[in-house]
Amino acid sequence: MSVEAQLGESDLPELYRSGRAKAARSKRNRIITYVISAVIVAVVVAYGDWAKIADKYLDVERAGELFPEIITIATKNTLIYTVGAFVGGVTIGLVMAIMKLSSLRPYRWFAITYIEIFRGLPALMTIFLVGFVAPTALGVRFPQVLGVESAGIIALSLVAGAYLAETIRAGIEAVPKGQVEAARSLGMTQGQTLRIVVIPQAFRLVIPPLTNELVLLLKDTALLASLGTTAASVELTKFGKDAFNKDFNGTPFVVAAVMYLLITIPLTQVVAWLERRNKAMR
Amino acid sequence: MTATPASDSGSGSATAGSGSASRSGASATPAIELRGLHKSFGSNHVLKGIDLSVQPRQVMCLIGASGSGKSTLLRCVNRLEEPTSGAVLIDGIDITHPDCDLDLVRRDIGMVFQQFNLFPHLSAIGNVTLAQRKVLGRSDDESRTVAIEMLERVGLSDKADSYPSQLSGGQQQRVAIARALAMNPKMMLFDEATSALDPELVGDVLDVMRQLASEGMTMLVVTHEMGFARRVADHVVFMDQGVVCEQGPPDAVLGSPSTPRLQQFLEKVLEH
Ligand SMILES: Nc1ncnc2c1ncn2[C@@H]1O[C@H](COP(=O)(O)OP(=O)(O)OP(=O)(O)O)[C@@H](O)[C@H]1O
Ligand SMILES: [Mg+2]
């Protein structure tokens, strides 16, 4: 039996009394939270019209009708848009990052202007500018690539490129100066140093934010639902909406949502793991 | 051209030992020659007129208090640092000339850094082969052969496939030396190559440097290792506040310092 337990409450040192009071308070708060949550769940279960909800949103037969197209067309296209925009975004981001770090002022200004414009615009606006304004005003024709609309890939690449430029620039700047000095002292040119010493290390440093951008891009492909697409070039959200429009049953949206989560949740787990690993390596 | 130029600091300058210039005689073109070298960082005047020459096959040790400008001087020799004024001559050619191709100059000047600066994304052998392939255009086979030979020379042939993070500081520094040697440099610069090492690892690196010196490599060495300076150097230069304060053969400079500043410096260093 410990000494404190035999003492009265008033005999305890202030430190212990205060600690006990805090523990008691947090226990009380926890109990209150549980009770409130239980009441909310009970109300929802009791008053929700489950038959209707199941009928309108979880109709198994309608869900079945979505297959296999929701996989073979919609999810496939969503992935093509995502990967295409990611590759485009990383390329643009790398070029802009290098320009922003350039010692030549015009390059820096160009990069800064680009980054500010495409980070400042809503992504949907950029999609409209590329998808609608460019073809009508400038007469640009965007072909289909790999069965999807290249305008969608280009618009998302432009947006991702602006964000990735800053990420990649930070990565390049985080590579220690000694690395550049070692490379230059061996006679490597500035270009070789950047290409074979700095950039590989910079990318290693920014793998977690890069993966995170991939998740964001995947979700942003939903904005392409507003772009004119064909039945073959449609992505998941538009696919769900088209199916919903037939008889206003919500099941296609629910199934499409599940498709997104099946991809995004594992990916965010990967990001979290990469971040933990990066932290551990430091 | 003289082998033992006077510093322009005037009063503080002393040149000990006259007949000791270098192993190859005073008439040869110096491997490295600095003439009136100045370097400022903004308003911070770090090098205030340095005149020095390192003869072929000579080992020169540069000593001096922290902040006296030793690293800056060394970095001006391969122009990692841009001199504010003055000339840097490598084998008699002024490399501060605007037409000078620095990438070509640097191939011939190996440099070893306090912090090793190995490429962390490459294995030891990857570090040693990279510049051979990219700069000298050697084939994969040839660069590998040279790399293995160099790693053997620094006693690390068994660590060829290890990554820098798997090597001790002393091993990393020896890989860095192998990386520089693989370029067949005409001369080597060492900037406190052992200062970042645990005491028990210093010896291995110094042994490699001593071996290099005995093979006749031209070396300019910034060091706090007075034992190394005394035993290996042909010539010791003491820098103080951006000028060459005292220089000469190691026994003279380290054994009987003639300036109070060097006396104070040596007392401080030898206390430890
Ligand atoms: N890149 C730089 N920018 C601004 N000031 C610098 C730079 N490099 C060096 N200096 C300054 O130049 C002075 C000399 O530095 P240097 O590194 O040459 O000294 P050092 O003799 O090598 O000292 P240490 O023994 O500590 O390495 C210091 O005052 C330092 O702050
Ligand atoms: Mg230094």
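Where in chain A is the place of A:Val41? It's in helix α2 of chain A, and the views below start from there. Keep in mind that this is a predicted model.

**View 1. A nonpolar patch sits on the surface of chain A.** Ten names to find here: A:Ile32, A:Ile36, A:Ile40, A:Val41, A:Val44, A:Val45, A:Trp50, A:Ile53, A:Tyr57 and A:Leu58. Together they have about 950 Å² of accessible area. Two elements, α2 (14-47) and α3 (50-57) of chain A, each give two or more residues to the patch. The largest share is from α2(A), with six residues; A:Val41 is in that helix.

**View 2. A cis peptide bond leads into A:Pro68.** Stay on chain A and look at the link from A:Phe67 to A:Pro68: omega is near 0°. As for the setting, A:Pro68 lies in the loop that runs between α4 (60-66) and α5 (69-100) of chain A.

**View 3. Chain B meets chain A.** On the chain B side, 21 residues are in contact with 17 residues of chain A. The two chains bury about 1,600 Å² between them, and 61% of that is on carbon and sulfur atoms. If you want three residues to zoom in on, try B:Asp103, B:Phe119 and B:His121: they supply 32% of the area that chain B buries against chain A, more than any other three residues.

**View 4. B:Arg75 and A:Glu181 join hands across the interface in a salt bridge.** Their side chains come to 2.7 Å, N to O. The rule finds two salt bridges across the interface of chain B and chain A. Polar contacts turn up here as well, with six residue pairs counted between the chains.

**View 5. Several elements of chain B make up the side that touches chain A.** Look for α2 (102-107), β7 (109-112), α3 (124-134) and α5 (169-181) of chain B, each of which supplies at least two residues to that side. By type, the residues on this side of chain B split into twelve nonpolar, three polar and six charged.

**View 6. B:Asn117 has a positive phi.** The angle is about 55°, although B:Asn117 is not a glycine. Which stretch of chain B is the place of B:Asn117? You'll find the residue in the loop between β7 and α3 of chain B.

Methods. Residues are numbered from 1 along each chain as its sequence is written. Chains are lettered from A and ligands numbered from 1 in the order in which they are written. This is a predicted model: local features need pLDDT of at least 70, side-chain atom pairs count only at pLDDT 80 or more; totals for chains, interfaces and linings use all residues. Side-chain values use heavy atoms; hydrogens and water are left out. Contact means heavy atoms within 4.5 Å. Buried area is the accessible area (1.4 Å probe) that two parts lose on being put together, summed over both. A salt bridge is a side-chain nitrogen of Lys or Arg within 4 Å of a carboxyl oxygen of Asp or Glu. A polar contact is a pair of N or O atoms within 3.5 Å; within protein, one must be able to donate a hydrogen and the other to accept it, and residues adjacent in sequence count only if both atoms are side-chain atoms. Helices (H or I, at least four residues) and strands (E, at least two) are DSSP runs, numbered from the N terminus. Ala, Val, Leu, Ile, Met, Phe, Trp, Tyr, Cys and Pro count as nonpolar, Asp, Glu, Lys and Arg as charged, and the others, Gly among them, as polar. Patches are made of residues with over 30% relative accessible area and no salt bridge: like charges are joined within 9 Å, nonpolar side chains (Val, Leu, Ile, Met, Phe, Trp, Tyr) within 5 Å. Accessible areas come from the Shrake-Rupley method with a 1.4 Å probe; for residues, only the protein chains shown count as cover.
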